[in-house]
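Dear colleague,

Please find the structure for your review below, followed by an account of what was found in it. I would be grateful if you could read the two side by side.

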Amino acid sequence: MTETDQGTFAAYPSRHVRLGVLEITRALPIRQRRMVGPWCFLDRFGPLSFGEERPMVVAPHPHIGLQTVTWLLSGEVRHDDSLGSEAVVRAGGVNVMTAGRGISHAERTPVTNTGELSGVQLWAALPDAHRAITPTFESLTEVPAVEASGGVVQVFSGSLMGATSPTTHYSEILGVDAALHAGGQLDLALRPDFEHALLLLERECSFEQSPLQSGKLYVLGAGRSSASLHSKGGGRVLLLGGPPFGEQILMWWNFVARTPDEIREAKADWDSHSRFGQVPAYEGPRLEAPQLGKLAAANPMS
Ligand code: MN
């Protein structure tokens with residue numbers, strides 16, 4: 001981050017991707033923006049309603065070097081992993097899986113469901129000192145919330161307005177869902193050493209004088225000490241943050257690494273059924289890794 005980024009405010013359109021039958025908008029990474037703090041991946045799915053079919057069925061697949069954070073606005077997602085963890089996350093709760101040196105998991109709409117799905121999945125890159133740790137999984141049915149006059153702020157990662165999420169992270173981080181009351185204003189104190197991003201989740205909301213458009217990630221450069229949100233109709237916004245990640249990462253498929261060799265090794269281990277274990281709760285074939293092709297050099301630092 002250069003000095004000219006201080007206090008900037010830039011909008012980046014999401015891309016549309018498909019995950020099986022599920023349509024997703026991917027806000028991170030995009031070509032122009034690889035990370036916001038340690039956050040290196042942000043998928044928004046839903047809101048959608050469904051009948052007999054299950055919109056999310058992601059067969060077992062591996063991860064390294066990251067944490068997945070699943071936060072829902074409605075519906076439910078069932079998580080099963082190679083540690084034997086099993087948890088259904090619902091609105092207000094959060095699932096955090098720390099891949100460390102390697103884990104595999106499946107994510108599915110459970111058979112018993114509300115017929116609704118709306119949420120986000122985020123990945124946070126693990127810093128070098130912690131990226132080879134033993135994998136772990138945490139599931140909370142409720143995260144700390146702050147009731148302000150302008151709305152309700154739920155903190156699923158990090159700390160804001162005196163609320164601290166008990167989820168474990170390995171670098172400074174912020175992940176917040178701000179639900180504004182109709183006509184409400186929320187003045188959020190930001191850490192100036194963090195960069196931040198805003199994503200409109202529901203209805204409408206303005207950041208200072210700018211109405212936030214859905215499907216765009218608004219990135220606030222470091223150097224800001226506050227953000228003022230207001231909504232006429234009662235909107236909902238995701239706020240992410242963290243200090244600029246001071247390490248170059250290399251992302252390929254579900255892996256966050258540093259070098260092409262680490263990626264090749266992780267793919268070879270997945271292909272040969274080693275390192276990542278099995279997901280015993282999932283019946284059916286696992287996901288196969290794509291062909292490696294040519295691995296680009298590590299991303300430019302963002
Ligand atoms: Mn995954």
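Strands here are DSSP runs of at least two residues, numbered from the N terminus. On that basis, Glu-208 falls in the loop between strand S19 (206-207) and strand S20 (210-211). Please note that this is a predicted model.

Overall form

The protein chain contains one helix and 25 strands. For 302 residues, a compact globule would have a radius of gyration near 19 Å, and the chain agrees with this because its own value is 19 Å. Along the principal axes, the C-alpha atoms occupy a box of roughly 55 × 45 × 30 Å. Of the 302 residues, 54% are buried. If one takes the contacts between residues at least 6 apart in sequence, 73% of them link residues at least 24 apart.

The surface exposed by the protein chain comes to about 12800 Å², and 50% of that area is supplied by carbon and sulfur atoms. As for charge, there are 25 positive and 32 negative side chains, with the centres of the two sets 5 Å apart.

The manganese site

Which residues hold the manganese ion as protein donors? They are His-61, His-63 and His-105, each through NE2, at 2.1 to 2.2 Å from the ion. Their spacing in sequence is H-x1-H-x41-H. His-61 and His-63 are both buried.

Thr-68 has contacts with two of these donors: it touches His-63 and His-105. Thr-68 belongs to strand S6 (residues 66-81). Its relative accessible area is 3%, under the 20% limit, and Thr-68 is therefore classed as buried. Beyond its neighbours within four places in sequence, Thr-68 is also in contact with Asn-95, Val-96, Met-97, Gln-121, Leu-122 and Trp-123.

Strand S10 and the loop after it

Ala-125 is located in strand S10. With a relative accessibility of 3%, Ala-125 counts as buried. Its contacts, apart from residues within four places in sequence, are Met-35, Pro-38, Cys-40, Gly-65, Leu-66, Phe-245, Ile-249 and Val-256. Between the C-alpha atoms of Ala-125 and Tyr-170 the distance is 9.0 Å, although 45 residues separate them in sequence.

Thr-134 sits in the loop that runs between strand S10 (116-125) and strand S11 (136-140). Thr-134 is partly exposed, because its relative accessible area of 48% lies between the 20% and 50% limits. Thr-134 and Ile-103 are 31 residues apart along the chain, and their C-alpha atoms are 8.9 Å apart.

Glu-172

The position of Glu-172 is in the loop between strand S15 (163-164) and strand S16 (174-180). A relative accessible area of 40% makes Glu-172 partly exposed. Setting aside residues up to four places away in sequence, Glu-172 touches Pro-38, Arg-191, Asp-193, Phe-194, Gly-242 and Pro-243. Pro-38 is also among the contacts of Ala-125. From Glu-172 to Ser-210, 38 residues apart along the chain, the C-alpha separation is 28 Å.

Backbone features

Where are the cis peptide bonds that I would ask you to inspect? One joins Leu-28 and Pro-29, with omega about -10 degrees. Pro-29 is placed in the loop between strand S3 (22-28) and strand S4 (39-49). Another runs from Gly-46 to Pro-47, with omega near 5 degrees; Pro-47 lies within strand S4.

Positive phi values in residues other than glycine also deserve mention. Glu-208, introduced above, has phi near 50 degrees. Glu-208 is partly exposed, at 29% relative accessibility. Trp-253 likewise has phi near 50 degrees, and is placed in the loop between strand S24 (250-252) and strand S25 (255-257). With a relative accessible area of 24%, Trp-253 is partly exposed.

Yours sincerely

Conventions
Residues are numbered from 1 along each chain as its sequence is written. This is a predicted model: local features need pLDDT of at least 70, side-chain atom pairs count only at pLDDT 80 or more; totals for chains, interfaces and linings use all residues. Side-chain values use heavy atoms; hydrogens and water are left out. Donors are N, O and S atoms within 2.8 Å of the metal (3.2 Å for Na, K and Ca); water is not among the atoms, so sites may look incomplete. Buried means under 20% relative accessible area, exposed over 50%, partly exposed in between (1.4 Å probe, protein chains only). Helices (H or I, at least four residues) and strands (E, at least two) are DSSP runs, numbered from the N terminus. The radius of gyration is taken over C-alpha atoms; the globule rule is 2.2 Å times the number of residues to the power 0.38. Contact means heavy atoms within 4.5 Å. Accessible areas come from the Shrake-Rupley method with a 1.4 Å probe; for residues, only the protein chains shown count as cover. Lys and Arg count as positive and Asp and Glu as negative; His and the chain ends are not counted. The place of a charge is taken as NZ of Lys, CZ of Arg, CG of Asp or CD of Glu.
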